Amino acid sequence: MLLRCNGRMPRRRNAAGRTIGCPDPDHIALPMPDTLATADELGMRLALDQALNAQLAGEVPVGAVILQHTAQGPQVLATGYNRPITTHDPTAHAEIVALRHAAQLLQNYRLPDCTLYVTLEPCAMCAMALLHARLKRVVFAAADPKTGAAGSVLDLFADPRLNHHTTLVGGVLAEPAAALLRQFFAERRAQQRIERAERVEHVERVERGEHVERADRGALRAAAPPSPDQATIPVGETTEWHAPASPDPQHREPQ
């Protein structure tokens with residue numbers, strides 16, 4: 001069995017320095033064992049490459065790849081990685097991005113001859129989109145105990161009330177995918193701790209009477225806890241500001 005690229009993907013390099021996509025219009029065949037389990041591993045490795053692209057963009061590292069089953073063997077049809085922050089799009093999960101690309105390439109919103117590989121268990125939004133696309137198979141790596149809709153929190157793929165059911169496989173290369181996510185969130189927490197420490201340090205500098213640049217004062221006010229004698233203003237209320245008395249007859253009170 002062969003994994004073939006259909007020549008529609010742009011050539012680029014991922015974080016590991018490996019080329020993603022076809023370097024020329026000619027199909028490039030990659031050797032792939034005939035066992036379905038090993039084939040799923042190779043498809044998931046392509047999805048992990050996409051997850052690295054998300055990490056480079058500062059997004060949660062989740063990647064997806066769609067393979068189309070043809071007479072010549074499976075072909076890489078479309079790829080996607082997590083990008084809701086960079087695109088300001090709450091629906092831009094890796095699965096949705098890959099689905100949109102595949103549907104546009106085939107000019108069809110149904111993908112019955114395709115398998116999607118994704119490095120994290122789909123959420124409810126993505127699970128329903130995959131079911132609507134009529135995908136043949138969905139293969140995911142790491143489980144998502146907080147929002148997973150393929151067995152962790154709920155299982156939309158097994159709901160008998162739905163009129164279509166897609167074959168679901170989970171746990172393929174789960175450890176590498178989970179390790180990538182753990183590393184990402186550990187680095188994010190470490191960065192947040194550094195930022196909190198810097199804010200505390202600035203507040204301490206102000207309390208010691210050290211000079212602080214004007215640009216830092218907003219951050220200092222946000223970091224400093226309210227003093228006990230300072231009245232707390234409930235959310236939604238406003239305060240009235242009174243200007244000091246001025247001998248200038250042209251002075252006007254703020255409205």
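# A walk through the predicted model

Asp-89 sits in the loop between helix 2 (84–87) and helix 3. The model in which Asp-89 is seen here is a predicted one. With a relative accessible area of 22%, Asp-89 is partly exposed, because buried residues must fall under 20%. Setting aside neighbours within four places in sequence, Asp-89 is in contact with Pro-84 and Arg-100.

From this loop the chain can be followed into helix 3, where Ala-98 lies. Ala-98 has 0% relative accessibility and so counts as buried. Apart from residues up to four places away in sequence, Ala-98 touches Ala-64, Ile-66, Ala-78, Thr-79 and Gly-80. Ala-98 is also 9.8 Å from Val-118, C-alpha to C-alpha, with 20 residues separating the two in sequence.

The strands come next. Strand 5 is mostly covered, with 6 of its 8 residues buried. Strand 5 runs antiparallel to strand 6, and 8 bridges join the two. Only 2 residues lie between strand 5 and strand 6, and the two form a hairpin. Within this pairing, Leu-67 stands opposite Val-76 in strand 6. Strand 5 also pairs with strand 7, again in the antiparallel sense, over 5 bridges. Here Ile-66 stands opposite Leu-116 in strand 7. In a regular strand, side chains alternate between the two faces of the sheet.

Strand 7 in turn is joined to strand 8 by 5 bridges, and these two strands run parallel. Val-118 stands opposite Phe-140 in strand 8. Strand 8 is mostly covered, as 6 of its 6 residues are buried.

Ile-66 has contacts on several sides of this arrangement. Leaving aside neighbours within four places in sequence, its contacts include Val-76, Leu-77 and Ala-78, as well as Ala-98, Leu-99 and Ala-102. Leu-111, Cys-114, Thr-115 and Leu-116 are also among the residues in contact with Ile-66.

Ile-66 belongs to the largest nonpolar core, which has 40 residues. Together with Met-44, Leu-111 and Leu-135, Ile-66 touches the most other members of that core. Two or more core residues come from each of helix 1, strand 5 (63–70), strand 6 (73–81), helix 3 (94–106), strand 7 (114–120), helix 4 (124–132), strand 8 (137–142) and helix 5. In soluble globular proteins, nonpolar side chains tend to be buried together.

Thr-119 leads from the strands towards the helices. Thr-119 is found in strand 7 and is buried, with a relative accessible area of 2%. Not counting residues up to four places away in sequence, Thr-119 touches Met-44, Ala-47, Leu-48 and Ala-51, among others. Its contacts also include Pro-61, Val-62 and Gly-63, along with Ala-141, Ala-142 and Ala-177.

The last stop is a pair of helices. Two packed helices are described by the angle between their axes and the distance between the axes. For helix 1 (residues 36–56) and helix 5 (residues 174–207), the axes come within 11 Å and cross at roughly 5°. That angle makes helix 1 roughly parallel to helix 5, because angles under 35 degrees count as roughly parallel. On the helix 1 side, Leu-48, Ala-51, Leu-52 and Gln-55 take part in the contact, and they meet Pro-176, Ala-177, Leu-180, Gln-183 and Phe-184 in helix 5. The residues of this contact divide into 7 nonpolar, 2 polar and no charged.

Methods: Residues numbered from 1 in each chain as written. Predicted model: local features only at pLDDT ≥ 70, side-chain atom pairs only at ≥ 80, totals over all residues. Heavy atoms only, no water. Axes fitted to C-alpha atoms, helices over the stretch in contact; angles between N-to-C directions. Helix = DSSP H or I, 4+ residues; strand = E, 2+ residues; numbered from the N terminus. Parallel < 35°, antiparallel > 145°, perpendicular 65-115°, else oblique. Contact = heavy atoms within 4.5 Å. Nonpolar A, V, L, I, M, F, W, Y, C, P; charged D, E, K, R; others polar. Core = buried A, V, L, I, M, F, W, Y, C linked by side-chain atoms within 4.5 Å. Buried < 20%, exposed > 50% of the residue type's maximum accessible area, 1.4 Å probe, protein only. Pairing = 2+ DSSP bridges.
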